[in-house]
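Dear colleague,

I am handing over the structure we spoke about, and I would be glad if you kept it open while you read the notes underneath.

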Amino acid sequence: MGHLVNAKEEVYRALAERLNRNPVGAPVNEYLMEILHRLYTVTEAEVGASFPLLPVPIEKIAEATGMKKSELKETLEKMADKGLVLDLPRRDGTYYMLAPMIVGFFEYTFMRVRDGVNMKELAELFEKYFQSDGVREEIFGGDTKMFQALVYESLIPAVVETEVLSYERASEIIRQSGGGALGMCSCRHKAAHLGTACDAPVDDVCVSLGNAGRWLVHRGMAKPASVDDLLRVLDRTEKLGLVHLGDNVLNKPAYICHCCGCCCGVLRAINESGIRAVHPSNFLPKVEEDNCVGCGTCTESCHINAISLAEKKGARIAVVDEGLCIGCGVCASACPTGALGMSRRSKLHVPPADKREQFARIAREKGRF
């Protein structure tokens, strides 16, 4: 009997090692193994462990696993429904890709209410995993980031308005996508199971764009949403003072999240581990000291504690930590006296062209390609 148990463990260990070979890996530890045991059947784990790094047609996976195509097709369908595999339509057929952990099966697990799994137990395991040594560094610590901050557009100075490109504007990203989907905020859903969620919205707030949104709708993880629907969410979350974090690519970005510093895994990596987990926007808040009354509204609104009050000439004045600030504009939007405005950074960030370039850069930085 012992050799059967050992063989099963080897299957899950092989899956864990395969996930850790992704450009954005998943360091292997006891918590990851527990998560995989709960999300994957043994057969699914065996199939997942055999996946190459790039999307492939089913024939390649059948060759690697030795499974009959009909049996493999059924397994892949179940895995896609669970968010463990992505099935991607191409001109010459469907290609399959093993879902990474981030952005991947963590989000797909908590973007909905799941039957047949203990969500509270999974939330506890993911929480322990993300706080484990080296995990946040692997996911968020590289030079090329998965996420970029998007400034509140109403705060863009008129003098640079015509210079601001579409990838810097959340509204333009949404319009160019043609619509997408709205789902649950996976981070706040997870936090709810832990009893740590804030009062920011959970339902119909996670924005997925274009083909990514259509895939989520097809798999029952989100609801279809028009451009107008998504723009309304953008407006609503700005009124709530949430941070817009977008996919850090120029072409066909897959998502825009509306985040809080208490629940969001990305912003928590900044707050709790000091990791620069987000590429800042091309803007910085600028304090007009004569108008600042030292009320502290900006410090209370900042989700990553990048602004504070300091004594200057006998008065309390807001001070921005430019090395920490991600340029989201939440503080400037909240300022009751207009003492905070957004100014253009001297060095502008241009994201990778697309997901392929983004992942290639991340992989090169980690010496994986």
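What follows is an account of one helix pair, its aromatic residues and two further side chains.

Please bear in mind throughout that this is a predicted model.

Two packed helices are described by the angle between their axes and the distance between the axes. For helix α6, which covers residues 101-110, and helix α7, which covers residues 119-130, the axes come within 11 Å and cross at roughly 155°. Since angles over 145 degrees count as roughly antiparallel, α6 and α7 are therefore roughly antiparallel to each other, and their crossing is left-handed. On the α6 side the residues that take part are Met101, Ile102, Phe105, Phe106, Thr109 and Phe110, and they meet Met119, Leu122, Ala123, Phe126, Tyr129 and Phe130 of α7. Sorted by class, this contact of α6 with α7 has 11 nonpolar residues, one polar residue and no charged residues.

Several of these names return when the aromatic rings are examined. The count comes to nine aromatic pairs. In one of them, the rings of Phe106 and Phe110 have their centres 5.4 Å apart and their planes at 45°, so the pair is tilted. Both Phe106 and Phe110 lie in helix α6, where they are four residues apart, or about one turn of the helix. Phe106 is buried, with a relative accessible area of 3%, and Phe110 is buried as well, with a relative accessible area of 0%. Ring pairs also link Phe106 and Phe110 with Phe126, Tyr129 and Phe130 into a cluster.

Two charged residues may also interest you. Glu168 has its place in the loop between β4 (147-150) and α9 (170-177), and at 6% relative accessibility Glu168 counts as buried, because the cut-off for that word is under 20%. Although Glu168 and Ser281 are 113 residues apart in sequence, their C-alpha atoms are 7.4 Å apart in space. Once neighbours within four places in sequence are set aside, Glu168 is in contact with Leu150, Val151, Glu163, Asn282, Phe283 and Arg344.

The second of them, Arg268, is found in helix α13, which spans residues 265-273, and Arg268 is buried, with a relative accessible area of 11%. With neighbours within four places in sequence again left out, the contacts of Arg268 include Glu127, Gln131, Arg136 and Lys190, and also Gly261, Cys262, Cys263 and Ser273.

With best wishes

Note on methods. Residues numbered from 1 in each chain as written. Predicted model: local features only at pLDDT ≥ 70, side-chain atom pairs only at ≥ 80, totals over all residues. Heavy atoms only, no water. Axes fitted to C-alpha atoms, helices over the stretch in contact; angles between N-to-C directions. Helix = DSSP H or I, 4+ residues; strand = E, 2+ residues; numbered from the N terminus. Parallel < 35°, antiparallel > 145°, perpendicular 65-115°, else oblique. Left-handed = near helix turned anticlockwise from the far one by under 90°. Contact = heavy atoms within 4.5 Å. Nonpolar A, V, L, I, M, F, W, Y, C, P; charged D, E, K, R; others polar. Phe/Tyr/Trp six-rings, centres within 6.5 Å; stacked < 30°, edge-to-face > 60°. Buried < 20%, exposed > 50% of the residue type's maximum accessible area, 1.4 Å probe, protein only.
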